[in-house]
Amino acid sequence: MEAKEINEGDCFVLHTGVWHRYKPFENTGWEEYWVGFNGFYPRKLMKSDFFNKKAPSYM
């Protein structure tokens with residue numbers, strides 16, 4: 001998968017078990033916020049094409 005630039009205000013989905021790496025620009029750093037989901041409905045969404053591992057969501 002090609003590299004994607006994530007900018008201020010962007011949101012993206014990291015799938016469980018999918019290899020990834022990320023780093024901030026050296027001169028600016030970053031501030032990050034995480035939201036985790038668990039339970040029947042989130043697992044059902046992650047197994048469906050709603051959040052497709054081959055076409056990650058970037059908002």
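Helices, in the sense used on this tour, are DSSP runs of H or I with at least four residues, and they are numbered from the N terminus. With that in mind, and remembering that the model is predicted, begin by selecting I6, which lies in the segment before α1. I6 has a relative accessibility of 35%, and because partly exposed covers the range between 20% and 50%, I6 belongs to that class. If you then add V35 to the selection, you have a pair separated by 29 residues in sequence, with their C-alpha atoms 17 Å apart in space.

Next, keep I6 and select F12, L14, Y22, W30 and W34 with it, since together these residues form a nonpolar patch on the surface, whose accessible area comes to about 590 Å². Within this patch, centre the view on W30, which is found in the segment before α1, the helix spanning 40-47. W30 is partly exposed, with a relative accessible area of 45%.

Now turn to the largest pocket, which has a volume of about 2,200 Å³. It is lined by 47 residues, of which I6, F12, V13, L14 and Y22 are the closest to its centre. If you colour the lining by class, you should find 25 nonpolar residues, nine polar ones and 13 charged ones.

For the last stop, select G17, which also has its place in the segment before α1. Is G17 buried or exposed? G17 is exposed, because its relative accessible area of 81% is over the 50% cut-off. Adding P42 lets you check a second pair, in which G17 and P42 are 25 residues apart in sequence and 15 Å apart in space, taken from C-alpha to C-alpha.

Conventions
Residues numbered from 1 in each chain as written. Predicted model: local features only at pLDDT ≥ 70, side-chain atom pairs only at ≥ 80, totals over all residues. Heavy atoms only, no water. Patch = residues over 30% accessible without salt bridge, like charges linked within 9 Å, V, L, I, M, F, W, Y side chains within 5 Å. Areas by Shrake-Rupley, 256 points an atom, 1.4 Å probe, with all protein chains shown as cover. Salt bridge = Lys/Arg side-chain N within 4 Å of Asp/Glu carboxyl O. Helix = DSSP H or I, 4+ residues; strand = E, 2+ residues; numbered from the N terminus. Buried < 20%, exposed > 50% of the residue type's maximum accessible area, 1.4 Å probe, protein only. 1 Å grid on protein atoms, 1.4 Å probe; cavity = no way out; pocket = protein on both sides within 12 Å on 5 of 7 lines; lining within 4 Å. Points joined across faces, edges and corners; volume = space filled by probe spheres on them. Nonpolar A, V, L, I, M, F, W, Y, C, P; charged D, E, K, R; others polar.
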